[in-house]
Amino acid sequence: MTDLHLPPWRRPPRDHFPGVPAWSMPVSVVPQEPFEVSPLGGHLTQDWAWGGADGSGVRVCVLDSGVDAGHPLVGGLDRAMDVVRAEDGTLAVTPTEPGDTAGHGTACASVIRSIAPGAALTSVRVLSGGRHGSGAALLAGLTWAIEEGYDVINMSLSTTKTEFCDALRDLADSAYFRRCVIVASAHNMPVRSYPWPFASVISVASHDRPDPMTYYYNPSPPVEFYARGVRVPVAGPGGRHLLSTGNSFATPHIAGICALILSKHRSLTPFQLKSVLYLAAENVAVPDGGARVD
């Protein structure tokens, strides 16, 4: 049996396409492949999922390089935290002045704000001196966010270091059972990194459509959803506006949509939220509710 005779979720990963980050899909070039969908709810539409919601009442934590709270596309922060090394050598998460020397976290926060303007944003700086940081700082920041009970944790970053894999998986599982939804970016290169491949997180890569609310379910592993990630309008340094490309900027679109859904349906568990995302995806949902069946 050839790979094409297998369902998408049984095949090897797709080839990587030029012009988009790794693990992503150029929707304008690659035709949508039909796949069977099991209808789980006859009333679920995108309007039911997030219609009329603005993210109010939902707390979103951005683990990144920090956030410039004064940028007009960010519109302020609820809290700003930093991972620092204490005198005894241990890492601690402490309050800090909002700021972002790299601009990456600010860009991601601006996307979330554009999708869910009512959400309360917190910045945790786990990347220092640019867009790189230690695995220990990442673990410390993620642990803090989970213990603080954030509804959505945006991780537009990952690590390729396998020595942190088990600890990240344990934290991802802990978040899952504490109803903290981790939305994690796939790597921009075709390499293995963590935590985005874990089943307990929501993994995101890019598509090349311009609509910020259009996203797709991916039936072919390892990424679960595609969101806008090519030429995305984001906050830039010094109050500027930029167009940026990368899975990092697709991820906060899904994080923002998760905030919208949770602000309207506060009791959803992480697996229920992922099911709503699936049923409301552009290539699954039908206008009158339920799911498309081929």
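Here is a short chat about the active-site residues and helix α4 of this predicted model.

Me: What makes Asp 64, His 104 and Ser 248 one spot, given that they come from an "active site" annotation in an unreviewed UniProt entry?
Reply: They span 185 residues in sequence, yet no two of their C-alpha atoms are more than 10.2 Å apart, so they gather at one spot.

Me: Why is His 104 called buried?
Reply: Buried means under 20% relative accessible area, and His 104 has 5%, so the word fits. His 104 sits in helix α2 (residues 104-115).

Me: And why is Ser 248 called buried?
Reply: Again the cut-off is under 20%; Ser 248 comes in at 9%, so it's buried. Its place is in helix α5 (residues 247-264).

Me: What makes the Ser 248 and His 104 side chains a polar contact?
Reply: The limit is N or O atoms within 3.5 Å, with a donor and an acceptor. This side-chain pair is at 3.0 Å. Ser 248 also touches other residues, including Cys 108 and Asn 188.

Me: How do you know that the span of α4 agrees with its 13 residues?
Reply: At 1.5 Å a residue, residues 165-177 should span 18 Å; the end C-alpha atoms are 19 Å apart, which agrees.

Me: What puts the buried residues of α4, among them Leu 168 and Ala 172, on the same side?
Reply: They cover an arc of only 130° around the axis, so they share a side of α4. They pack against α3 (135-147) and β8 (181-185), while the face turned away carries exposed Asp 166, Asp 170 and Phe 177.

Conventions: Residues are numbered from 1 along each chain as its sequence is written. This is a predicted model: local features need pLDDT of at least 70, side-chain atom pairs count only at pLDDT 80 or more; totals for chains, interfaces and linings use all residues. Side-chain values use heavy atoms; hydrogens and water are left out. Helices (H or I, at least four residues) and strands (E, at least two) are DSSP runs, numbered from the N terminus. Buried means under 20% relative accessible area, exposed over 50%, partly exposed in between (1.4 Å probe, protein chains only). Contact means heavy atoms within 4.5 Å. The expected span of a helix is 1.5 Å times one less than its number of residues. The arc is that of the directions from the helix axis to the C-beta atoms. Lists of a residue's contacts leave out its neighbours within four places in sequence.
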